[in-house]
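Thank you for making the time this morning. I would like to walk through one structure with you, slowly, and I will put it on the screen now.

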Amino acid sequence: LDDFIVLNPAKKSIERPFSILVPALFLADRNSGMNRNGRAAAKKGSLIGYVVLGGLLSVGVLVFLLTAVHKVHDAEHAGLSQSASAGAPVLASPGAFRPSDVLASAASKHARSKHRLLGESWEGLRNTNGVNRTSGPFPNLPGSVGSVRFEFPDVAKLDSEAYPVYEPLLDIIKRWNPDDADNIPNPFREKLQCFNYSDPGERSMAEEYRNAELPFKVFGVPEMEAASDKWTDSYLRREMESSNMNYKIEKSVDNHFMYWVNRHYKGSLGKFEPPTVHVKSLKFSEWLERAHEADLVGIEPSEEHWYAMCGVEAGRILHKTPEKMQFIPKDLPSFSTTKKNFFVTKPDMNKGIQCRFGMKGVIAEAHYDGGRNMVAMLKGAKRYILAPPHACPSLSIVKEKAHPEYRHSLIDWSDPREALQEGFGQVDAIDTILHEGEVLYIPSYWFHYIASLDYSIQCNTRSGPPPDGQGEDVIKSSGCMSGRYSPEEIEKAKRQLQRRRSPGVDTGDSAI
């Protein structure tokens, strides 16, 4: 049949589908002209010819039906993409997009054993990422996220008595353990308000939430969507490894990453052992391959993970020397501005742009930041568990400013038993998934715990505290910034620090 059938994958059709009938018809015609002595053999030949003809007709009918199904599916694909690009809600439902063979293999629990057979399949994964994602707030993502249905609340004006909607932190952790990136609750019920930035009315409502220091998300930001499309693997390899970019790659013995600075600590909590190591020998392009590999074949929480990160100066500094400006502020001008805008409310207090490149399963431990924080998801998806400032007394926060892990929680949020012991059943929290193209607003001094659900890129910018210092007053009054520990608190903190496994020999300086 290969001599007569020509497959055209680009058109998802078969060229010359009826040409396969010619040999069979010729065979039947030749048999009819045989002499009388050969008719016995001719009958047998004719029978074979008609059997072949019938089989080929069946194949033709099957091909016709499959082609029709593909056309209907492609029409659905185009409709979803058009709706999403216009800002309309498009629910992520199973089968909304036809997955590639490479992505389908990633769903298998036994895909790891197939890794050697896949060879250069990374390029296939990279190529299909762009095809299977759509802009807007409800993208269909490869892997587990793409098979989950998301339910969002109706857009509503600010009602500070009814919003935000909290639930116990313990319930969130028990329903979906942070170490399990694939086991996403289905449906996932979003609690945060999600506004269309391109709609002036909704953008105005989002500003009210921001000014009230309440979390929310926006989508339909043309700048973010353009950067998401532009930041391909080849583009990132070239720009990240250029001479004017500095980046660091951290390694952990498992999927948990605790931020730290200045390993030379001498204080009440004893000798400090860095929880991660800086791997100078690993290039960004090599990290990128490992991140795609984790998506493709899977990775266990107990395996080594790598986390790439970089930062650039604030816009007010970079604009003085535009020739030194890196690709990040060029592609995200709203995050690197000298003038006040929706994302940067105090340009004179802007901290620049920090970007985090996460591989599947990577967890950034819970902490708070002292400043209005806008977080843009440019690739992939991340889970954020948020907790308001009044949760601080229950989170075992490092409150000594000299400590390398200042502002961070020492509790393992992925351990339900420890969470239960620490009283997480009485801690208010919000669970959200930040999709590619969305921007999350994290109010000043709100706690956030972050888990990468697949290969992801997140860039954020902070621009100082709100005008009347919301959040900071709560943190201070709770004693979380005092720097003073009771003897019981010191012993508890030491136990929590010592339970970690050693990451090995430090090969560089501290994390960013």
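Let us begin with cysteine 310, which counts as buried because its relative accessibility is 0%. One might ask which cysteine sulfur is the closest to the sulfur of cysteine 310. That closest sulfur belongs to cysteine 355, and at 4.8 Å the separation is too far for a bond. Please keep in mind, here and throughout, that this is a predicted model.

Cysteine 355 does have a bonded partner, however, since a disulfide joins it to cysteine 459, with 2.1 Å from S to S. The link between cysteine 355 and cysteine 459 is right-handed, with 105 degrees about the S-S bond. Cysteine 355 sits in strand E12, residues 353–358, and cysteine 459 sits in strand E19, so the pair ties together parts that lie 104 residues apart in sequence. As for the surroundings, cysteine 355 is buried, at a relative accessible area of 0%, and cysteine 459 is buried too, with a relative accessible area of 0%.

How many disulfides does a search of the whole structure find? The search finds two, and the other that I want to show you joins cysteine 392 to cysteine 480, with an S to S distance of 1.9 Å. The torsion about the S-S bond of cysteine 392 and cysteine 480 is about -135 degrees, so this disulfide is left-handed. Cysteine 392 lies in the loop between strand E15 (381–387) and helix H13 (416–421), while cysteine 480 lies in the loop between helix H14 (472–477) and helix H15 (487–498), so this pair ties together parts that are 88 residues apart in sequence. Cysteine 392 and cysteine 480 are both buried. If we number the bonded cysteines of the protein chain in sequence order, the pairing reads 1-3, 2-4.

While we are at the loop between E15 and H13, there are two backbone details to point out. Serine 396 lies in this loop, and its phi is near 50 degrees, which is a positive value in a residue other than glycine. Arginine 407 is also placed in the loop between E15 and H13, and there phi is near 80 degrees, again a positive value in a residue other than glycine. Are these residues buried or exposed? With the cut-off for buried set at under 20% relative accessible area, serine 396 is buried at 15%, and arginine 407 is buried at 18%.

Let me return to strand E19, which spans residues 456–462 and contains glutamine 458. Glutamine 458 is buried, with a relative accessible area of 5%, and its side chain makes a polar contact of 3.1 Å with the side chain of tyrosine 384. Leaving aside neighbours within four places in sequence, the contacts of glutamine 458 include Cys355, Arg356, Met377 and Ile450.

Strand E19 also belongs to an open sheet of nine strands, in the order E6-E7-E17-E14-E19-E12-E11-E8-E10, with mixed pairing. Strand E6 (194–196) and strand E10 (277–278) stand at the edges, and because each has a single partner strand, one side of each is left without a neighbour in the sheet. Within the sheet, strand E7 (residues 216–219) and strand E17 (residues 439–442) pair in the antiparallel sense over three bridges, and phenylalanine 216 has tyrosine 441 as its bridge partner in E17. Helix H8, residues 222–230, packs on the sheet and touches E14 and E17, its direction making about 40 degrees with that of E14. Helix H7, residues 200–211, lies across E6, E7, E14 and E17, and runs at about 140 degrees to E6.

Elsewhere in the chain there are two cis peptide bonds to mention. One joins tyrosine 163 and proline 164, with omega at about 0 degrees, and proline 164 is found in the loop between strand E3 (150–151) and strand E4 (167–168). Another runs from asparagine 186 to proline 187, with omega near 5 degrees, and proline 187 is found in the loop between helix H6 (169–175) and strand E5 (188–189).

I will finish with confidence. The mean pLDDT of the protein chain is 77, and 70% of its residues reach 70 or more. Over residues 72–142 the pLDDT is below 50, although this stretch has 113 contacts in the model beyond near neighbours in sequence. Residues 504–512 also have a pLDDT below 50, and that stretch has 32 such contacts.

Note on methods: Residues are numbered from 1 along each chain as its sequence is written. Side-chain values use heavy atoms; hydrogens and water are left out. Helices (H or I, at least four residues) and strands (E, at least two) are DSSP runs, numbered from the N terminus. Buried means under 20% relative accessible area, exposed over 50%, partly exposed in between (1.4 Å probe, protein chains only). A polar contact is a pair of N or O atoms within 3.5 Å; within protein, one must be able to donate a hydrogen and the other to accept it, and residues adjacent in sequence count only if both atoms are side-chain atoms. Contact means heavy atoms within 4.5 Å. pLDDT is the predictor's confidence in each residue, from 0 to 100. Two strands pair if DSSP finds at least two bridges between them. Axes are lines fitted to C-alpha atoms, for helices over the stretch in contact, and angles run from 0 to 180 degrees between N-to-C directions. A disulfide is a pair of cysteine sulfur atoms within 2.5 Å.
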